[in-house]
Amino acid sequence: MKLCSARDFDSFCSEASMSNTMRRMRKNMFLLLVFYFLYLWESQVAEGANVSYDRRAILINGKRRILISGSIHYPRSTPQMWPDLIQKAKNGGLDVIQTYVFWNGHEPSPGQYYFEGRYDLVQFIKLVAKAGLYVHLRIGPYVCAEWNFGGFPIWLKYVPDMVFRTDNEPFKAAMKKFTEKVVHLMKEENLFHPQGGPIILTQIENEYELVEFEVGDAGKAYANWSAQMAVNLGTDVPWVMCKQGDAPHPIINTCNGFYCENFSPNQNYKPKMWTEAWTGWLLNFGGPAPYRPVEDLAFAVTRFIQNNGAYINYYMFHGGTNFGRTAGGPFIATSYDYDALIDEYGLAREPKYSHLRALHKAIRLCEPALVSANPIRMPLGKNQEAHVFDTQSGTCAAFLANYDPNYFVNVTFRNRKYGLLPWSITILPDCQEPSFNTARVGAPSINVKMEPAKKFSWHSYTEKVPSTHDKSSFESTGLLEQLNVTRDASDYLWYTTEVDIRADDAFIRNGNLPVLHVSSAGHALQVFINGQLSGTAYGGSENPKLTFSGQVKLIAGINKISLLSITVGLPNVGLHFETWDAGILGPVKLEGLNGSLWNDLSQWKWSYKIGVEGETLRLYSFKGSSSVKWAQGSFVPKKKALTWYKTTFDSAEGKDPLALDMSSMGKGQIWINGQSIGRYWPSYKASGSCNKCRYTGTYHEKKCLRGCGEASQKWYHVPCSWLHPKGNLLVVFEEQGGDPSGISLLRRTIQKNS
Ligand code: GAL
């Protein structure tokens, strides 16, 4: 090959270099064109991409849309699960993914932000964009959501003069700072629709109207301030306030509930939106599992759409898992399955998912008529009516509704006969041919199995009840409120005191043991006398307060009374988060000393220790677990309180989702490879009435329940991405006493029934 130099400029070289120059010029031209088109495209995005609304609908880039949305809360699954969940949303006919933003996950201590792992909000939103869907970002930052402390970071409670969710300067300053932080982050990443991103809607506060009247004038002022603060952030997409009848212009007030067909926004120029169509309901420890028949959910959604509904969001599309200590409450379970369209494990729940997908297809067919016609409502019978969207351009869609919960009814519409199932709506996208009936479920149901994949062999370490002189304890006179002490760094707080019993005390002679009475603001309590478990007590989701009364085996001399107070998720609903309390507020009394006298211990000297020893030692981590000596084989105890169990195991074969069956255990927490799966509590049995449930008639959260008398939650989701192929560390902390030999790893499989 001939090399060309500056001196050696023969014809070949000059030809070659000529064509090189031409090639370069062509390349440059090409690049210029690419840049020009990119510029044009970008400026079009910036100019053309906008979101607005009118009385009929949200308009995206000037086009009215009937939007179907679904909630996926990003920290309730893993980043590895997100693409599939989002794809399932897309395949299921959704246009929008809705999520709250979880303040306490993002700002665990003031000014220290965390947006990684399960909290990588930007990544989550980018994945939604990649799938071609939109995002509705509910910043809150109060979110409720059965999430610990309603999403508020606990440190907020300790900011001086803090009063939550009202016209209070410290609260407003913190709320504004975090809201700005989120909006700026979204802007930096170009995630708002006018910037070319997927976010078309945002939300400020959450259902504030429910408490606004209780707060009075300050509540009204706060609601207006929130609205103004949000609008001033210039997101260039509409803001909504859910359940906020007085939401000021331009904020759209929206509906949440099991049904929203009769809702109207507060101004007739705003569209009718349903931000939370509840697909099921939440699960409490101690409660049965609620479910909602898909026929009724489809009926509710269709009823909303036929009544001019413009946006509906399934709360939840995928509920997921309250990993770690993120569950709110108190007593919200670790599973946040919610009977959603996609189950906790990420599998389509059938026939719910496919039946609603068919509904979305039918709605899509009706969309041109829905967004441009003035609907007519006409009676078809006593309890039957038609909603007709007939446009001038000739497109026509009709909905034939039978509200009767008991009877199948034949109706005539435009000279054709239609048979309508009870409590159902038939959709005619062309005003003639039925394409969908809400109660006629064609989609196959499935058979879900939890198949055993592995048993474990355990090592154990039983903690000692701390002494009053424990070096990490401190003393104080009287009983202290738990959160003030723990700042929610742990579920556990030890309250320890000593009682000196005289050898001649009457009960020593007559054998009638004294009775200990403990009153606690919640949520659970274990009583140890001289290091031995003497009893447990716990509140419930309706009332977290508890009292313990039980005989205690005191002996002559010094006795140690150790009370382990345990929180089970902080409240997520309402007002006055600054005043929520937990733990043993008293009185604590001993009855029967010195011949039936009462002794009030409440003002005695108490010693306090935050957390249990294994937490301090981080026994759940590879490193920490090697800091103590573990018992093995026959020395591993059963039914022993305060016991840590550990095992290592290789991952199960295959790609099926995994769970741990914890039914043989009492109450505690689980970790895999150092990450917390969450709280478990299978010994808390579900009370309630689990009668057979019909889809017809008005639904409410107590109507359809499963599992009465059984553990509220016995299976605990283990995300596959948390596992290595070999040598996984599984650690369980058992508070009350359980049998680890009954724990097994399960594989969740599904089979379609034809
Ligand atoms: C709503 C609230 C949601 C969630 C739901 C119950 O009122 O806005 O955040 O808590 O109730 O699951």
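1. Ligand and A145. In this predicted model, an oxygen atom of the ligand has a backbone N or O atom of A145 at a distance of 2.8 Å. The contact on the protein side is thus made by the backbone of A145. The protein covers 94% of the ligand's accessible area, which is 310 Å² for the ligand on its own.

2. Ligand and tyrosine side chains. Two further polar contacts to look at involve Y100 and Y338. In Y100, an N or O atom of the side chain is 2.7 Å from an oxygen atom of the ligand. In Y338, a polar side-chain atom lies 2.5 Å from an oxygen atom of the ligand. Y100 and Y338 also appear among the closest residues around the ligand.

3. The shell around the ligand. How many residues surround the ligand, and which are the closest? The count is 15, and the closest are Y100, E146, E207, E276 and Y338. By class, the shell holds ten nonpolar residues, two polar ones and three charged ones.

4. The loop between β6 and α5. Strand β6 covers residues 134-140, and helix α5 covers residues 169-188. The loop between them contains P141, and G140 is joined to P141 by a cis peptide bond with omega at about -5°. D161 is in the loop between β6 and α5 as well. Phi of D161 is positive, near 65°, and the residue is not a glycine.

5. The loop between β8 and β9. A second cis peptide bond to check joins H249 and P250, with omega about 5°. P250 sits in the loop that runs between β8 (239-242) and β9 (252-257).

6. Helices α5 and α7. Two packed helices are described by the angle between their axes and the distance between the axes. For α5 (residues 169-188) and α7 (residues 217-232), the axes come within 11 Å and cross at roughly 25°. Angles under 35 degrees count as roughly parallel, and α5 and α7 are therefore roughly parallel to each other. The crossing in which α5 passes α7 is right-handed.

7. Helices α8 and α9. Helix α8 spans residues 294-306 and helix α9 spans residues 352-372. Their axes are 10 Å apart, and the packing angle is about 15°. That angle makes α8 roughly parallel to α9. Helix α8 passes α9 in a crossing that is right-handed.

8. Helices α2 and α4. Are these two helices roughly parallel or oblique to each other? Helix α2 (residues 82-91) packs against helix α4 (residues 121-130) at an angle of about 40°, and the axes are 10 Å apart. The two helices are therefore oblique to each other. Here α2 passes α4, and the crossing is right-handed.

Technical notes: Residues are numbered from 1 along each chain as its sequence is written. This is a predicted model: local features need pLDDT of at least 70, side-chain atom pairs count only at pLDDT 80 or more; totals for chains, interfaces and linings use all residues. Side-chain values use heavy atoms; hydrogens and water are left out. A residue is near a molecule or strand if one of its heavy atoms lies within 4 Å of it. A polar contact is a pair of N or O atoms within 3.5 Å; within protein, one must be able to donate a hydrogen and the other to accept it, and residues adjacent in sequence count only if both atoms are side-chain atoms. Accessible areas come from the Shrake-Rupley method with a 1.4 Å probe; for residues, only the protein chains shown count as cover. Ala, Val, Leu, Ile, Met, Phe, Trp, Tyr, Cys and Pro count as nonpolar, Asp, Glu, Lys and Arg as charged, and the others, Gly among them, as polar. Axes are lines fitted to C-alpha atoms, for helices over the stretch in contact, and angles run from 0 to 180 degrees between N-to-C directions. Helices (H or I, at least four residues) and strands (E, at least two) are DSSP runs, numbered from the N terminus. Angles under 35 degrees count as roughly parallel, over 145 as roughly antiparallel, 65 to 115 as roughly perpendicular and the rest as oblique. A crossing is left-handed if the near helix is turned anticlockwise from the far one by less than a right angle, and right-handed if clockwise.
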